[in-house]
Amino acid sequence: MDAPLLELTETPDAADLAALGANLTAFNDADAGPSDRRPLAVFVRGENGLVAGLSGYTGWGWLYVQWLWVDESLRGQGMAGQLLAKAEAEARQRGCHGAYIDTFNPHGLHVYQKAGYQVFGELPDFPKGRTRTFLSKSLS
């Protein structure tokens with residue numbers, strides 16, 4: 001049998017990524033039980049299309065907010081809090097007991113803390129000169 005080949009690429013094949021995800025999911029399901037992972041998104045549309053949105057997923061009883069964006073014209077009006085509240089309500093309907101998010105934006109950090117999220121970890125200089133902050137919130 002030939003030795004395994006270690007390959008590095010910045011252009012991974014979609015089929016390889018799908019196989020990687022499927023194998024990791026199967027491993028995690030066997031190890032920790034099924035995640036019941038489901039996508040979750042909240043969008044705000046204006047006359048010219050998307051003006052705000054949140055995207056993430058629920059799994060293993062948690063909501064993960066991967067992306068949250070609000071157009072500059074709506075910032076400072078509580079829109080991020082509304083997006084979070086809508087996603088959290090759906091997560092509770094799905095049986096979730098917690099939510100988590102991360103940011104390296106100081107304003108985003110303030111918004112998430114105002115929405116009840118608490119810091120549980122930090123990575124300094126991620127990106128350089130900023131701190132990536134990880135926050136969580138109980139949904140119980």
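Is Phe43 buried, partly exposed or exposed, and what is its relative accessible area? In this predicted model, where local features need pLDDT of at least 70, side-chain atom pairs count only at pLDDT 80 or more and totals for chains, interfaces and linings use all residues, Phe43 is partly exposed, with a relative accessible area of 48%; buried means under 20%, exposed over 50% and partly exposed in between, with a 1.4 Å probe and protein chains only. Residues are numbered from 1 along each chain as its sequence is written, and side-chain values use heavy atoms, with hydrogens and water left out.

Phe43 belongs to strand S1, residues 38–46, strands being DSSP runs of E with at least two residues, numbered from the N terminus. Together with Leu50 and Trp69, Phe43 makes a nonpolar surface patch of about 300 Å²; such a patch takes residues with over 30% relative accessible area and no salt bridge (a side-chain nitrogen of Lys or Arg within 4 Å of a carboxyl oxygen of Asp or Glu), and joins nonpolar side chains (Val, Leu, Ile, Met, Phe, Trp, Tyr) within 5 Å. The areas come from the Shrake-Rupley method with a 1.4 Å probe.

From S1, a hairpin of two residues leads to S2, and these strands pair in the antiparallel sense over nine bridges, pairing requiring at least two DSSP bridges. Gly46 has Gly49 of S2 as its bridge partner. Strand S2, residues 49–59, is mostly covered, with eight of its 11 residues buried.

On S2 pairs strand S3, residues 62–70, again in the antiparallel sense, over eight bridges, with Ala52 opposite Val70 of S3. Two residues separate S2 and S3 in their hairpin, where Trp60 in the turn has a positive phi of about 50°.

Definitions and conventions
Patch = residues over 30% accessible without salt bridge, like charges linked within 9 Å, V, L, I, M, F, W, Y side chains within 5 Å. Helix = DSSP H or I, 4+ residues; strand = E, 2+ residues; numbered from the N terminus.
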